[in-house]
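Work through the following exercises with the sequence and the structure at hand. Try each task before reading its solution.

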Amino acid sequence: MNEVLVATQHQRVLSGMRPTGLLHLGHYHGVLKNWVELQHKYECLFFVADWHALTTHYEETGIIADSIWEMVIDWLAAGVDPGDATLFIQSQVPEHAELHLLLSMMTPLGWLERVPSYKDQQEKLRERDLATYGFLGYPLLQSADILTYKAGLVPVGEDQVAHVELTREVARRFNHLYGREPGFEEKAEAAVRKMGKKNGKLYREFRRRYQEQGEPEAREKGRALLEAQQNLSLGDQERLFGFLEGAGRVILPEPQPLLSHASKMPGLDGQKMSKSYGNTISLREEPASVEKKLRTMPTDPARVRRTDPGTPAKCPVWQLHQVYSDQDAQKWVQEGCQSASIGCLDCKQPVIDAVLAEQGPIRERAEEYQARPEAVRGIIADGGEKARDLARETLEEVREVMGLDYS
Ligand code: TRP
Ligand code: SF4
């Protein structure tokens, strides 16, 4: 396993979501709740991955356009706060496309063909023609998304970890190719002197300990020291990150995946909640419809009559209790079901109540935003501006180290 190369801005978090339809409770429990938590801890950027949606939905772009604003409203309704996080639309920051193109020049084809989701998705989505250049390249587009902001942490599900791993490989390759500038050692030495006597000495000490003893802790401390330096230019900081480990300049830092510990949200049939299984409850579903779906959802098939005892482990309703109910209520289900002292509708009621209670404030906030579409547009316009400022900075640097800044 490779040692983790912690990013320069390890506190920056980036994540995206495809606009391909209404969000459901699976998105809420699996992703949005996590975003809401992260936004208080880190500098967060969350974006609408419309170009990603195009890689599979290029024949029906209408779905994308229709989903974008509703999705942003879903985010806001779920508690994503534009005061804490930067929200934007991918295609409104063209730098993602520029970096994608530049990275594509140095990305071996095999790296993309080996990404597990490539073959999986092609098989799953047989009705679409996915033998396209864009579909093959979509994990690299994701790498460009991440590296454009030099994000250190990427909240993803299991299925996306391989994409972050690809990003790390691509960043390493980029740094290897373009972080070797003429006179690197001299420039690095000069940068150490700029840190002042005391800090320079500390830095050298950490560098020696890391390179001679291989102490990961010394490297972490060296990095922290560099991050605290106010008087180093970005270029010098990058040189010294690389110099610390005996490598070249680190222009694009390697991100790490941030796996959320949220358990999989079960759908109405006990499989993972997913649009393709038709087992979802949408985030803002009408209460009457929520109630109907839950009342009619399947239970332990062995419990035919009210007097038959059941086995919660074989029942999708039990899985929902594990998400929504406390210990006492869970005990009530276990005992009541196994002794046939409660009926399935009794058992479902607390879940119905909990889902409705969860959705209440979400629905309310969504209505407020729906009534003010210009406010939503404004949030995205502001976020886009912030994102473009960050992206422009990275791309200027990328062009410079690649020798593309002709003037
Ligand atoms: N590929 C992700 C998905 O399909 C969405 C995504 C695009 C993303 N770019 C990203 C997630 C960058 C995290 C970081 O769900
Ligand atoms: Fe499922 Fe509850 Fe009915 Fe048992 S009582 S089968 S857990 S719905």
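**Exercise 1.** Find the residues that line the largest cavity of this predicted model, and sort them into nonpolar, polar and charged.

*Solution.*
Step 1. Search the whole structure for cavities of 30 Å³ or more; two turn up. The largest holds about 110 Å³ of space.
Step 2. List the lining of the largest cavity: Thr299, Asp300, Arg303, Pro312, Cys315, Val317, Trp318, Val333, Cys337, Ile342, Cys344 and Cys347.
Step 3. Sort the list. Nine of these residues are nonpolar, one is polar and two are charged. Cysteine counts as nonpolar in this scheme.
Step 4. Match the lining to the helices. At least two lining residues come from each of α15 (316-324), α16 (327-338) and α17 (344-370).

**Exercise 2.** Which residues of helix α2 are buried, and why is this helix described as largely enclosed?

*Solution.*
Step 1. Apply the cut-off: a residue is buried if its relative accessible area is under 20%.
Step 2. Go along α2 and note the residues that pass: Asp50, His52, Ala53, Thr55, Thr56 and His57.
Step 3. Compare with the length of the helix. Helix α2 covers residues 50-57, and six of its eight residues are buried, so the rest of the structure largely encloses it.
Step 4. Name what surrounds these buried residues. They pack against two strands, β2 (43-48) and β3 (85-89), and against the helices α3 (61-78), α7 (133-136) and α8 (138-148).

**Exercise 3.** Which residues are around ligand 1, and how far from a nitrogen atom of ligand 1 is a polar side-chain atom of aspartate 145?

*Solution.*
Step 1. Collect the surrounding residues: Leu14, Ser15, Gly16, Arg18, Phe47, His52, Tyr138, Gln142, Asp145, Ile146, Val154 and Gln160. His52 also appears among the buried residues of α2.
Step 2. Read the distance for aspartate 145: a polar side-chain atom lies 2.7 Å from a ligand nitrogen.
Step 3. Check two glutamines in the list. A polar side-chain atom of glutamine 142 is 3.1 Å from a nitrogen atom of ligand 1, and for glutamine 160 the distance is 3.1 Å.

**Exercise 4.** Describe the protein chain as a whole, starting with its helices and strands.

*Solution.*
Step 1. Count the elements: the chain has 18 helices and five strands.
Step 2. Give the extent. The C-alpha trace spans about 85 × 45 × 40 Å along its principal axes.
Step 3. State the burial: 49% of the 407 residues count as buried.
Step 4. Look at contacts between residues at least 6 apart in sequence; 77% of them join residues at least 24 apart.

Methods
Residues numbered from 1 in each chain as written. Chains lettered and ligands numbered in written order. Predicted model: local features only at pLDDT ≥ 70, side-chain atom pairs only at ≥ 80, totals over all residues. Heavy atoms only, no water. 1 Å grid on protein atoms, 1.4 Å probe; cavity = no way out; pocket = protein on both sides within 12 Å on 5 of 7 lines; lining within 4 Å. Points joined across faces, edges and corners; volume = space filled by probe spheres on them. Helix = DSSP H or I, 4+ residues; strand = E, 2+ residues; numbered from the N terminus. Buried < 20%, exposed > 50% of the residue type's maximum accessible area, 1.4 Å probe, protein only. Contact = heavy atoms within 4.5 Å. Near = heavy atom within 4 Å. Polar contact = N/O pair within 3.5 Å; in protein donor to acceptor, adjacent residues only side chain to side chain.
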